[in-house]
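Q: I would like to learn how to read the fold of a model step by step, starting from its sheet and moving outward to the helices and the cores. Could we go through one together?

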Amino acid sequence: MPPMLIVFSGLPGSGKSTLALGLATYLNAVYLRLDTIEAALLNAGLPSVGVEGYAVAYALAADALRLGQTVVADCVNPLPVTREAWQAVAREHSSRILDVEVICSDVHEHRRRVETRQADEGNWAGRWQPPTWEAVARHDYAEWTSPRTVIDTASGEKAEQLVRVLRLVTVPL
């Protein structure tokens, strides 16, 4: 399979990290998680992070694609400008891109996931903190205007959702 860029997008707690990590593991792909990058930048002394985390992720993705490696990016990707930047990274390296928007249509389940989240404990040692439900509920997340695959994690098994993404990865778009 030629290298490609697979970008998992969605609000915190939607289930994107679970799917992205599962796919990256299965494909033996480079896994770029924006939360990890932002935690490292904050813990290194930056007073806050915004575009810096995405800029690092784009550069690391470009390096990996240049080396012929598939990249799985895991980020909120809330704005057209961030989505377009991922597209540009793929285009500049003649790579296919697959945009996957992960949602959780069950608000109660989504809130439960955010409030009981434990997967990020390694990042909590410093200044980075996972978002609260209140922050997630008021997050700026623009409607998509470009093509993407939507996966709703409110129901169904993780394995089924992962197989669905894997089919898209192994079949030409």
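**Reading the sheet, a helix and the cores**

A: In this predicted model, strand β1 (residues 4-9) is paired with strand β4 (residues 96-103) in the parallel sense, over six bridges. One of the residue pairs to look at is Phe8, whose bridge partner in β4 is Val100.

Q: In what order do the five strands of the open sheet lie?

A: The order is β2-β3-β1-β4-β5, and the pairing is parallel. Because β2 (30-33) and β5 (149-152) stand at the edges with a single partner strand each, one side of each has no neighbour in the sheet. From one strand to the next, the twist averages 20°.

Q: Which strands does helix α1 touch where it packs on the sheet?

A: Helix α1 (residues 16-27) touches β1, β2, β3 (71-74), β4 and β5, and its direction makes about 160° with that of β1. Helix α3 (residues 51-66), for its part, lies across β1, β2 and β3 and runs at about 175° to β2.

Q: How should I read the two sides of a helix such as α1, and which of its residues are buried?

A: The general idea is that an α-helix has 3.6 residues a turn, so residues three or four places apart point the same way. In α1 the buried residues are Lys16, Leu19, Ala20, Leu23 and Ala24. Seen down the axis of α1, these fall within an arc of 125°, so they line one face of the helix, while Thr25 and Tyr26, on the other side, are exposed. The buried residues of α1 pack against β1, β2, β3, β4, β5 and also α7 (158-170).

Q: What span should the 12 residues of α1 have, and what comes after the helix?

A: At 1.5 Å a residue the expected span is 16 Å, which agrees with the 16 Å between the end C-alpha atoms of α1. The helix is followed by Asn28, whose phi is positive, near 55°.

Q: Which residues touch the most other members of the largest nonpolar core?

A: In soluble globular proteins, nonpolar side chains tend to be buried together. Here the largest nonpolar core has 21 residues, of which Leu5, Val7, Tyr54, Ala61, Val71, Trp86 and Val89 touch the most other members. At least two residues of this core come from each of β1, α2 (34-43), α3, β3 and α4 (80-92), and α3 gives the largest share, seven residues. Leaving aside neighbours within four places in sequence, Ala61 is in contact with Leu5, Leu32, Val71, Trp86 and Val89. Apart from this core lies another, of 16 residues, including Met4, Phe8, Val72 and Val102.

How values were computed
Residues are numbered from 1 along each chain as its sequence is written. This is a predicted model: local features need pLDDT of at least 70, side-chain atom pairs count only at pLDDT 80 or more; totals for chains, interfaces and linings use all residues. Side-chain values use heavy atoms; hydrogens and water are left out. Two strands pair if DSSP finds at least two bridges between them. Helices (H or I, at least four residues) and strands (E, at least two) are DSSP runs, numbered from the N terminus. Axes are lines fitted to C-alpha atoms, for helices over the stretch in contact, and angles run from 0 to 180 degrees between N-to-C directions. Contact means heavy atoms within 4.5 Å. The expected span of a helix is 1.5 Å times one less than its number of residues. Buried means under 20% relative accessible area, exposed over 50%, partly exposed in between (1.4 Å probe, protein chains only). The arc is that of the directions from the helix axis to the C-beta atoms. A nonpolar core is a set of buried Ala, Val, Leu, Ile, Met, Phe, Trp, Tyr and Cys residues joined through side-chain atoms within 4.5 Å.
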